[in-house]
Each structure stands twice: as structure tokens, then as C-alpha cells.
Amino acid sequence: ASTLSGIELGARAVQKRKEELGIDDPVYYDVFDPSIPGWDDPKTFHSSDLWFWFETLAKCWRPFKGFHFDLARHMCNYMANFVKTGDPNGDDADGTPMPRWEPLKSDAPKAMWFRDTGAECIDDKPSPIVDLVLRRFLDKNKIEK
């Protein structure tokens, strides 16, 4: 079964349009998919990533484990680096390089996946349904130069 994510469509549409217009500013795209612990077994849900981006897991009642705190530290570092420099890449708190986050490009679709195993930038081609909707949207909303 194919899924359709508005966030994915938005990121890919912005990148395609920027490429069409010759704008080189990078687009960084991520997929947030770690386990979220708790008696309710919620999986990831809207805004659960905020505990990680702002490294506030300890403020939540959920029984997060060590790997969650490591992931949150990396995500917070990526955010701080991006705010400071426009590039999320950099070193971890101990000086070791974090996994490199490559920007999303049409010819090299990359996404940073945040999972229980950590952060990993992988090839992330759009599913056939995402590709179809994206092409239809961009064709319908052409920009005249």
C-alpha cells in the first residue's frame, strides 16, 4: 500500500520548483520514525517529534530510554546548526561528526531518517503515488518565467 504525506509532497514540490527557478538554497527533508514508549503504544504522532527537536524528553511522562536521548541530542544539534549556519551538519557534543544530512534533490532524493537506531541519511525516492500527485500538481501550477 502506498502512502501519501502532505509534508513529503510539500518538501518535494518546493525542491522541484526551486530547481526550475534556478534557486540553489538546499531543502532538508526528514522522516521521524522512532518508537514512542508508553502504555498506549502510540507510535509516532503529531508533535511527538518536538520533544526530540527541543531535547525535552525528560519533561514528558513517557518512559524514554537512552537511545531516545541520544537521538534527541542529535536532532537538537541538527536544529541548532541549521539555525546558526543554514546547514544542519556538524559535530556532536563530544566532537565526533554526526551522520551527514544531505539536501533533497530531484536527481539524488535524500532524506534523513530518525529511528531508534539513530539518524541516517538514505536514498528516499518518492513512491509511485507521491510521484504521480507531485507531477500533476506541478503541471497544473506551472510558473511562467
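Q: How many bridges join E2 to E3?
A: In this predicted model, local features need pLDDT of at least 70, side-chain atom pairs count only at pLDDT 80 or more, and totals for chains, interfaces and linings use all residues. Residues are numbered from 1 along each chain as its sequence is written, and side-chain values use heavy atoms, with hydrogens and water left out. Strands here are DSSP runs of E with at least two residues, helices are runs of H or I with at least four, both numbered from the N terminus, and two strands pair if DSSP finds at least two bridges between them. E2 and E3 run antiparallel, and the bridges joining them number 6.

Q: Which residue in E3 stands opposite Met112?
A: Happily, this one is easy to find in the hairpin that E2 and E3 form, with 2 residues between them. Met112 also touches that residue, along with Ala119 and Glu120 among others (contact means heavy atoms within 4.5 Å). The residue opposite Met112 is Cys121.

Q: In which sense do strand E1 and E2 pair?
A: Look at Phe32, which stands opposite Phe114 in E2. Strand E1 covers residues 30-32 and has 3 bridges to E2, and the sense is parallel.

Q: Which element gives the most to the largest nonpolar core?
A: A nonpolar core is a set of buried Ala, Val, Leu, Ile, Met, Phe, Trp, Tyr and Cys residues joined through side-chain atoms within 4.5 Å, where buried means under 20% relative accessible area (1.4 Å probe, protein chains only). The largest one has 17 residues, and Met112 and Phe114 are among those touching the most other members. Helix H2 (50-53), helix H3 (66-85), strand E2 (110-115) and strand E3 (118-123) each give two or more residues. With 4 residues, the top contributor is H3.

Methods:
Buried means under 20% relative accessible area, exposed over 50%, partly exposed in between (1.4 Å probe, protein chains only). Lists of a residue's contacts leave out its neighbours within four places in sequence.
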